Amino acid sequence: MREAEAGLRALVHEVEVYEHNPKRLYIRVPRERITDAAKYLHRERGMRLSTCTGIDTRDGLEVLYHFSEDSTGTMYTLKVLAPKDDPSIESQAPWLPAADWIEREMHELLGIDFPGHPNLVPLLTSDTDWEQGRYPLRRDYERRSEQHEE
Amino acid sequence: MSWFSGWWLAFAFIVFPGFLFSSTVGLALTWVDRLVSARVQWRKGPPAYQPFADVLKLLLKETVVPAGAARTAFLLAPIIGLAAMCVTAVLLFYVNFFPHASFVGDIIVLVYLFALPPLATIVGASASRNPLSAVGASREMTLYLGYELPFLLALVVPIVKTGGAIRLGDFVLMQQAGGPFLYSVSGVIAALIVLICIQAKLGYPPFDIAEAEQEIMSGVLIEYSGAPLAVFRITKAMMFFLMPLFLVTVFWGGLGNWWAILKFLLIVVLLVLIKNTNPRLKIDHALRFFWFILGVLGIAAVVLAFVGL
Amino acid sequence: MKDVRIWGLKRSPWVYHVAAASCNNCDIEILELLTPRYDVERFGIVLVGSPRHADALLVTGVINRKSLPRVLEVYEQTPKPCLVIGVGTCTCNNHIFRNSYNAVGPYDKYLPMSAYIPGCPPKPEAMILGVVKALSKL
């Protein structure tokens with residue numbers, strides 16, 4: 001087992017690791033331990049945050065943090081699930097500047113709240129012609145209804 | 001001099017060799033510039049009437065004055081440069097064809113006249129109320145401080161060679177008698193310095209820092225449109241005609257014979273080739289280049305001129 | 001006088017490139033158009049750096065809510081008469097972005113278009129044909 005994986009399992013006991021291929025690992029982490037896991041990978045393992053993904057799944061809203069281990073070319077992806085009625089995940093932006101804008105984008109397009117984010121204002125949607133609070137990337141967003149007609 | 005009487009003077013300023021003649025020849029030379037640039041890039045280039053079509057189109061377009069701009073300064077700034085170039089044209093032709101009648105200090109007047117078109121762009125840019133044009137104005141000012149120093153040093157060389165006479169007429173007469181100033185070591189250095197300073201005065205690459213299209217969206221001229229823009233372009237075309245003429249007058253024997261036309265065209269082509277083969281300099285590099293390289297060369301040229309070379 | 005003005009405009013159309021929420025493919029093709037290979041300077045076409053110097057606006061991209069007020073402002077700043085030429089299929093109809101929550105419809109809802117050049121992205125030859133057709137309509 002890889003060092004990073006072993007260290008992570010020692011730190012956070014409730015992880016589930018899925019190895020898609022030798023260079024791609026998906027690690028499910030419980031919501032309250034995401035900061036510890038991300039800090040471990042970034043600070044102690046020297047991985048860089050490549051990007052984050054937000055998905056609207058059947059079980060809730062999921063956020064994936066992709067950390068790249070540049071020395072071996074392996075991607076460690078941390079998956080965090082938040083239930084739909086309480087979509088909030090602790091923000092990584094205070095200690096990881098790379099996550100700042102990505103979390104703003106996920107907040108305005110998917111409706112995931114990131115408590116602790118220093119500047120959670122809209123990033124991409126229009127400042128003049130868009131009501132905040134509609135989340136277009138959710139599966140139940142009606143595209144052709146009067147909800148979105150200009 | 002009866003040539004100075006009112007009607008003749010008005011004719012000289014407006015028709016020949018003033019506004020109409022210089023602007024027509026200048027615009028035709030900008031076509032030569034575009035043609036040479038096109039050939040150097042293996043393409044065909046615009047037709048011969050292109051610069052005239054450009055100016056005509058601009059003159060008939062709407063002029064927009066930005067809200068909050070200093071309206072009078074904005075609209076009058078281009079005229080400063082145009083007027084200066086008309087006077088320069090009259091002066092240069094007069095000195096070349098009547099060298100005995102030039103006055104003491106006319107070369108200093110000429111230096112000041114050549115300083116007016118950059119000043120016009122600076123005033124116009126500052127009146128534009130646009131942050132990018134303010135950046136362009138500051139770059140133009142810095143560039144001016146840069147190239148004026150070696151330019152003046154290079155102009156000291158012919159003054160030394162004529163034994164201290166500050167009259168363009170004396171330069172022309174001495175060259176007609178004893179051979180162009182260019183045929184001497186100090187003359188070559190001084191002429192090269194003046195050539196590079198002309199490139200900067202015209203705002204051509206590598207010194208098109210003030211009007212950098214890709215960086216600051218046409219910098220100094222960003223808010224100009226319609227007729228004032230046409231006037232700026234005509235002024236630049238006139239400079240493109242008069243500055244090589246100035247170089248030929250001061251260093252290469254003046255317009256005494258028909259060979260002068262070939263010499264003039266050679267200088268124009270050199271300017272265009274330098275324009276096409278160089279990328280843009282940064283403003284601090286340009287300043288260092290003008291002061292520490294060309295400035296030192298200028299001092300060397302003056303010393304050589306004193307020694308007699 | 002009007003004929004003289006139109007002659008001037010036809011012989012020397014200066015273009016300014018406005019990219020409003022495009023995927024940049026059409027922008028790259030416009031850049032290719034202005035290279036020595038296609039030599040559009042023969043027609044007097046010059047790329048200018050400021051909308052105030054422009055006679056033709058080359059607009060690309062599907063216009064979206066955020067860029068709409070900005071594109072309108074650029075159009076206001078261009079001295080009239082000016083052509084607006086839409087490059088790429090996104091300017092004609094929203095193309096593949098037609099169901100997007102952010103795309104607010106083709107350009108002719110907001111600007112008077114002179115020509116459309118369809119293609120995704122259009123070839124430079126198609127762009128030259130489009131510009132020539134737009135100029136001949138003047």
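In chain C of this predicted model, 81% of the contacts between residues at least 6 apart in sequence join residues at least 24 apart. Buried residues account for 45% of the 138 residues in this chain. The secondary structure of chain C comprises 5 helices and 5 strands, and along the sequence these follow the pattern α-β-α-β-β-α-β-α-β-α. The radius of gyration of chain C is 14 Å, close to the 14 Å given by the globule rule for 138 residues, so the chain is as compact as a globular protein of that length. Along its principal axes, the C-alpha trace of chain C spans about 45 × 30 × 25 Å.

The strands of chain C are a good place to continue. Here 5 strands form an open sheet in the order β2-β1-β3-β4-β5, and the pairing is parallel. At the edges of this sheet stand β2 (46-47) and β5 (115-117) of chain C, each of which pairs on one side only. Strand β3 (residues 56-60) of chain C pairs with strand β4 (residues 83-87) of chain C in the parallel sense, over 5 bridges. Val59(C) has Gly86(C), in β4(C), as its bridge partner.

Helices of chain C pack on this sheet, among them α2 and α5. Helix α2 (residues 25-33) of chain C touches β1 (14-19), β3 and β4 of chain C, and its direction makes about 140 degrees with that of β3(C). Helix α5 (residues 124-136) of chain C touches β4 and β5 of chain C, and the direction of this helix makes about 170 degrees with that of β5(C). Val132(C) is placed in helix α5 of chain C. With 15 other C-beta atoms within 10 Å, Val132(C) is partly exposed; a residue would need 20 or more to count as buried. Val132(C) and Ala115(C) are 17 residues apart in sequence, and their C-alpha atoms are 9.8 Å apart in space.

Chain A can be described along similar lines. This chain has 3 helices and 5 strands, arranged along the sequence in the pattern α-β-β-α-β-β-β-α. Of the 150 residues of chain A, 25% count as buried. Among the contacts in chain A with a separation of 6 or more, residues 24 or more positions apart account for 51%. The C-alpha trace of chain A spans about 55 × 30 × 25 Å along its principal axes.

In chain A, 5 strands form an open sheet in the order β1-β2-β5-β4-β3, with mixed pairing. Strands β1 (16-21) and β3 (48-57) of chain A each have a single partner strand and stand at the edges, so one side of each is left without a neighbour in the sheet. On average, neighbouring strands of the chain A sheet are turned by 20 degrees against each other, direction ignored. The pairing of β1(A) with strand β2 (residues 24-28) of chain A is antiparallel and runs over 5 bridges. Tyr18(A) stands opposite Tyr26(A), which lies in β2(A). Helix α3 (residues 100-110) of chain A packs on the sheet, where it touches β3 and β4 (60-69) of chain A; the direction of this helix makes about 10 degrees with that of β3(A).

Attention now turns to the nonpolar cores. The largest of them has 86 residues, and those with the most contacts inside it are Ala154(B), Ala190(B), Val194(B), Leu242(B) and Leu247(B). Helix α10 (residues 226-251) of chain B supplies the largest share of this core, with 18 residues. Another core, of 32 residues, lies apart from it and includes Ile45(C), Ile85(C), Tyr107(C) and Ile117(C). Neighbours within four places in sequence aside, Ala190(B) is in contact with Ala154(B), Val157(B), Phe251(B) and Ala301(B).

The contact between chain B and chain C takes 25 residues from chain B and 18 residues from chain C. On the side of chain B that touches chain C, the elements giving two or more residues are α3 (50-59) and α10 of chain B. Of these, α3(B) gives the most, with 5 residues. By character, the residues on this side of chain B divide into 11 nonpolar, 6 polar and 8 charged.

Methods
Residues are numbered from 1 along each chain as its sequence is written. Chains are lettered from A and ligands numbered from 1 in the order in which they are written. This is a predicted model: local features need pLDDT of at least 70, side-chain atom pairs count only at pLDDT 80 or more; totals for chains, interfaces and linings use all residues. A nonpolar core is a set of buried Ala, Val, Leu, Ile, Met, Phe, Trp, Tyr and Cys residues joined through C-beta atoms within 7 Å. A residue is buried if 20 or more other C-beta atoms lie within 10 Å of its own, exposed if 12 or fewer, and partly exposed in between; C-beta atoms are placed from the backbone. Helices (H or I, at least four residues) and strands (E, at least two) are DSSP runs, numbered from the N terminus. Two residues are in contact if their C-beta atoms, placed from the backbone, lie within 7 Å. Ala, Val, Leu, Ile, Met, Phe, Trp, Tyr, Cys and Pro count as nonpolar, Asp, Glu, Lys and Arg as charged, and the others, Gly among them, as polar. The radius of gyration is taken over C-alpha atoms; the globule rule is 2.2 Å times the number of residues to the power 0.38. Two strands pair if DSSP finds at least two bridges between them. Axes are lines fitted to C-alpha atoms, for helices over the stretch in contact, and angles run from 0 to 180 degrees between N-to-C directions.
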